[in-house]
Amino acid sequence: MAAVLKVGDMFGTLQEVQEKMVAFEKNVCVNYHVSDSRTIEKAAKNAPKISAKAKKELIYYYIVYACIHGGRKFKSRSKGERPNQSTFRQECNSKIRFVLTEDGQHLTVKEINEEHNHMISKASFKHLSRQQRLDTEATKETSLLLSLKANKKMYKNICRSRPVKWYSSGT
């Protein structure tokens, strides 16, 4: 599929990176979030030559996308008053790192780790909240009705009776 990322791929704008990440997420059925980043402005201290000639539209000196299941596993410090609290974190090491090139004109894929320590399936991917967003038409209709002070409970029932449309950004 065309949505595959490889080390060395170059992108001229931040929007291209974001579009490629959305396509990559759909291709591998995993959501990623920005876990770490540094702006070009802040990186000027450590890399003044690159930062001086960098395209300001790129915004980031580097940006790291990590699996939503990444991070340290949650350890509860509770005394049992609210048991069975859960989290997505499962110590997954999957991440993708984009870094500004030496000429400062592109963001390039520097590192890809696609090893996950959790199950990956289309069914579970579709049930993640980011995939269940309202499409643009439904969002406009919702904001219009809420601005007209419509009955929220009646509108919620109407929305629930409609067939579910899975969110698709750009495709």
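The following paragraphs explain selected backbone, cysteine, helix and charge-pair features of this structure.

The model is a predicted one, in which local features need pLDDT of at least 70 and side-chain atom pairs count only at pLDDT 80 or more, while totals for chains, interfaces and linings use all residues. Residues are numbered from 1 along each chain as its sequence is written, and side-chain values use heavy atoms, with hydrogens and water left out.

We begin with the backbone. Most residues other than glycine have a negative phi. Cys-29, which is not a glycine, nevertheless has a positive phi of about 60 degrees. This residue is found in the loop that joins helix H1 (14-28) to strand S2 (32-39). Here helices (H or I, at least four residues) and strands (E, at least two) are DSSP runs, numbered from the N terminus. Cys-29 counts as buried because its relative accessibility is 12%; buried means under 20% relative accessible area, exposed means over 50%, and partly exposed lies in between, with a 1.4 Å probe and protein chains only.

Ile-59 also has a positive phi, near 70 degrees, and is a residue other than glycine. Its place is the loop between helix H3 (48-53) and strand S3 (60-67). With a relative accessibility of 41%, Ile-59 counts as partly exposed. A further positive phi, near 60 degrees, belongs to Lys-149, which follows H5.

Helix H5 itself allows a check of its length. The expected span of a helix is 1.5 Å times one less than its number of residues. The twelve residues of H5 (residues 136-147) should therefore span 16 Å, and the end C-alpha atoms are indeed 16 Å apart, in agreement.

The cysteines come next. A disulfide is a covalent bond between the sulfur atoms of two cysteines; the criterion applied here is a pair of cysteine sulfur atoms within 2.5 Å. The structure holds zero disulfides. Why does Cys-67 form no bond with Cys-92? The sulfur of Cys-92 is the closest cysteine sulfur to that of Cys-67, but at 3.8 Å it is too far for a bond. Cys-67 is buried, its relative accessible area being 0%.

Finally, side chains of opposite charge can pair when their charged atoms come close. A salt bridge is a side-chain nitrogen of Lys or Arg within 4 Å of a carboxyl oxygen of Asp or Glu, and by this rule the count is one. The partners are Arg-97 and Glu-111, whose closest N and O atoms are 3.4 Å apart. This pair links distant parts of the chain, 14 residues apart: Arg-97 lies in strand S4 (residues 95-100) and Glu-111 in strand S5 (residues 107-113). Arg-97 is partly exposed, at 24% relative accessible area, and Glu-111 is partly exposed, at 30%.
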